[in-house]
Amino acid sequence: IHWPTVASFVEYLTSVPRPAWCTGLTNHNTYRPNEYQWRGIASMRSMQATYVAKGWTSGPHLFLAAQAPKSKDKGIFQLTPITHQGTHAGPCNATMLGVESVGDFEARPPTELQYHLMLAINRAILKHWTIPYTRVNVHNECMEGRICPGQYLTGEQIRASLGTRIVHAGPFGAIARQDYMAAAPAAAYFPPGAAIEIDDFSKNSYRHAASGIGFIADGDLLL
């Protein structure tokens, strides 16, 4: 399955109850293919064949392609259904959903686009499945000695970003479609870099720090 936008993934996610086995998320980097080599569905089929050849019956769940040589190959891709246990991080397989960001974070830090897409998908899953951000980790926290997700991305870094109350609108800005204050417009746009305070993460409610306008964000909010 391929969702081209965060909003389309969130629309699907809202119809999927959290499976009893899933209590958290484990983040990875693909290493290879990286964003310059990514070919969308073709890359997914190639990885599926590799896992089958190893005798695996499942793999990671989601692959996040914030950048790719062709626009049609960007987005969120599902390999293992998010309702089923996957194979991606040894002892964490039993309880953690596997999320792969397409890139090589051992060679270079995630780009702004890569990092914000990862956070957006993590936040969406945490919200809709009522999982605390403290239950988010990375591959090498599950399996000592592993490099993934690389020297430029750590579990502490991700949890700090997910747990902060002051965030900034991502490279595409932030769009709010439902207001919960009379002074707020029916739809509001906040430019890239705008400071946004999280009022209640569990309800996905936010407040624009400069104007004080409160809003409830949907899947189009890219932080």
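In this predicted model, β1, β3, β4 (75-78) and α3 are the elements against which the buried residues of helix α1 pack. Helix α1 spans residues 6-13, and its buried residues are V6, F9, V10 and L13. These residues cover an arc of only 100° around the axis, which puts them on the same side of α1. An α-helix has 3.6 residues a turn, so residues three or four places apart point the same way.

The strands form an open sheet of 6 members, in the order β1-β4-β3-β5-β2-β6, and the pairing is mixed. At the edges are β1 (2-3) and β6, each of which pairs on one side only. Within the sheet, strand β3 (residues 62-65) and strand β5 (residues 96-101) run parallel and are joined by 3 bridges. F63 has E100 of β5 as its bridge partner.

The loop between β4 and β5 contains I82. I82 has a relative accessible area of 1% and is therefore buried, the cut-off for this term being under 20%. Neighbours within four places in sequence left aside, the residues in contact with I82 are Y12, L13, V16, P19, W21, H61, L62, L97 and W129. One of these contacts, L13, is also among the buried residues of α1. From I82 to P60 the separation is 22 residues in sequence, and the C-alpha to C-alpha distance is 9.1 Å.

Helix α5 (residues 155-163) lies across β2 and β6. The helix runs at about 155° to β6. Its buried residues are G155, I158, R159, S161 and L162. Seen down the axis of α5, they fall within an arc of 160°, so they line one face of the helix. The elements covering these residues include β2 (24-29), α3 (112-128), β6 (136-138) and α4 (139-142).

The packing of α3 with α5 was examined further. The two helices pack at an angle of about 65°, and their axes are 11 Å apart. Their crossing is right-handed. On the α3 side, the residues that meet α5 are Y115, M118, L119, N122, R123 and L126; on the α5 side, they are Q157, I158, S161 and L162. By class, this contact has 6 nonpolar, 3 polar and 1 charged residues. I158, S161 and L162 of α5 thus appear both in the contact with α3 and among the buried residues of α5. Helix α3 also takes part in the packing of the buried residues of α1.

Conventions:
Residues numbered from 1 in each chain as written. Predicted model: local features only at pLDDT ≥ 70, side-chain atom pairs only at ≥ 80, totals over all residues. Heavy atoms only, no water. Buried < 20%, exposed > 50% of the residue type's maximum accessible area, 1.4 Å probe, protein only. Helix = DSSP H or I, 4+ residues; strand = E, 2+ residues; numbered from the N terminus. Arc of directions from axis to C-beta. Contact = heavy atoms within 4.5 Å. Axes fitted to C-alpha atoms, helices over the stretch in contact; angles between N-to-C directions. Left-handed = near helix turned anticlockwise from the far one by under 90°. Nonpolar A, V, L, I, M, F, W, Y, C, P; charged D, E, K, R; others polar. Pairing = 2+ DSSP bridges.
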